[in-house]
Amino acid sequence: MNAVDQGAPGAERTLGQLVAAATAEMSALVHDEIALAKVEIKQDVKRAGIGSGAAIAAGVLVLFSLPVLSFAAAYGIHNLGLGLAWSFLIVGGAFWLLAGLVGLLAVAKFKKIKPPVKTMDSVKQTAALVGTVKPHPRPVSDQAVGVARSSS
């Protein structure tokens, strides 16, 4: 084994070693970017789940509780001396108000959902860095020039 194979300081690496190192580094970079995106998206999915749950709860309140509770409340108000039509109108308005409050909670949760900003910034920085990388100049030997000329 010579100094190039052992990776001694100052030794020049072969093209294969350089390609392997670049591939390994790019692979690690892509894996890190994916991991960052997963973390950010996981937080937003949790927020979306809470917001969706609140929206579903609002829908369930409106759909299932309206018939039974509307009749009970309207007849209760009617027994206090108010007309039956006004009693049903008051009860319907109360349920709409409750559904509106739960809906506002859902909207507040959905507004907190943001795109994965850190990941996008990191990818932009990486792309800018990779775009500025230039290959190291290599000395051209006489054999390399002859091969290049003969192949053209």
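The questions and answers below look at a predicted model of a protein chain and ask how its descriptions follow from computed values.

Q: What makes up the secondary structure of the protein chain, and in what order do the elements run?
A: The secondary structure comes to five helices and zero strands, and from the N terminus on the elements run α-α-α-α-α. Of the 152 residues of the chain, 12% count as buried, a word that stands for under 20% relative accessible area.

Q: Why are H2 and H3 called roughly antiparallel to each other?
A: The axes of H2, which covers residues 15-79, and of helix H3, which covers residues 84-111, come within 8 Å and cross at roughly 170°. Angles over 145 degrees count as roughly antiparallel, and the two helices are therefore described in that way. By class, the contact of H2 with H3 has 26 nonpolar, seven polar and two charged residues.

Q: What makes the pair Asp44 and Arg47 a salt bridge?
A: The side chains of Asp44 and Arg47 meet at 3.1 Å, N to O, and the cut-off for a salt bridge is a side-chain nitrogen of Lys or Arg within 4 Å of a carboxyl oxygen of Asp or Glu, so the pair qualifies. Side chains of opposite charge can pair when their charged atoms come close. The structure holds one salt bridge.

Q: How many residues apart are Asp44 and Arg47 in helix H2, and what does that separation amount to along the helix?
A: Asp44 and Arg47 are three residues apart in helix H2, which means that they are separated by about one helical turn.

Q: Why is Asp44 called buried, while Arg47 is called partly exposed?
A: Asp44 has a relative accessible area of 13%, and because buried means under 20%, Asp44 counts as buried. Arg47 has 32% relative accessibility, and because partly exposed lies between the 20% and 50% limits, Arg47 counts as partly exposed.

Q: How do you know that Asp32 is exposed?
A: Asp32, which lies in helix H2, has 54% relative accessibility, and since exposed means over 50%, Asp32 counts as exposed. Asp32 and Thr119 are 87 residues apart in sequence, yet 9.7 Å apart in space, C-alpha to C-alpha.

Q: Why is Tyr75 called partly exposed?
A: Tyr75, found in helix H2, has a relative accessible area of 42%, a value between the limits of 20% and 50%, so Tyr75 is partly exposed. Tyr75 and Ser87 are 12 residues apart in sequence and 7.0 Å apart in space, C-alpha to C-alpha.

Q: What makes Phe64 exposed, and which surface patch does Phe64 help to make?
A: Phe64, whose place is in helix H2, has a relative accessible area of 63%, and because exposed means over 50%, Phe64 counts as exposed. Together with Ile56, Val60 and Leu63, Phe64 makes a nonpolar surface patch of about 450 Å².

Terms used. Residues are numbered from 1 along each chain as its sequence is written. This is a predicted model: local features need pLDDT of at least 70, side-chain atom pairs count only at pLDDT 80 or more; totals for chains, interfaces and linings use all residues. Side-chain values use heavy atoms; hydrogens and water are left out. Patches are made of residues with over 30% relative accessible area and no salt bridge: like charges are joined within 9 Å, nonpolar side chains (Val, Leu, Ile, Met, Phe, Trp, Tyr) within 5 Å. Accessible areas come from the Shrake-Rupley method with a 1.4 Å probe; for residues, only the protein chains shown count as cover. Helices (H or I, at least four residues) and strands (E, at least two) are DSSP runs, numbered from the N terminus. Buried means under 20% relative accessible area, exposed over 50%, partly exposed in between (1.4 Å probe, protein chains only). Axes are lines fitted to C-alpha atoms, for helices over the stretch in contact, and angles run from 0 to 180 degrees between N-to-C directions. Angles under 35 degrees count as roughly parallel, over 145 as roughly antiparallel, 65 to 115 as roughly perpendicular and the rest as oblique. Ala, Val, Leu, Ile, Met, Phe, Trp, Tyr, Cys and Pro count as nonpolar, Asp, Glu, Lys and Arg as charged, and the others, Gly among them, as polar.
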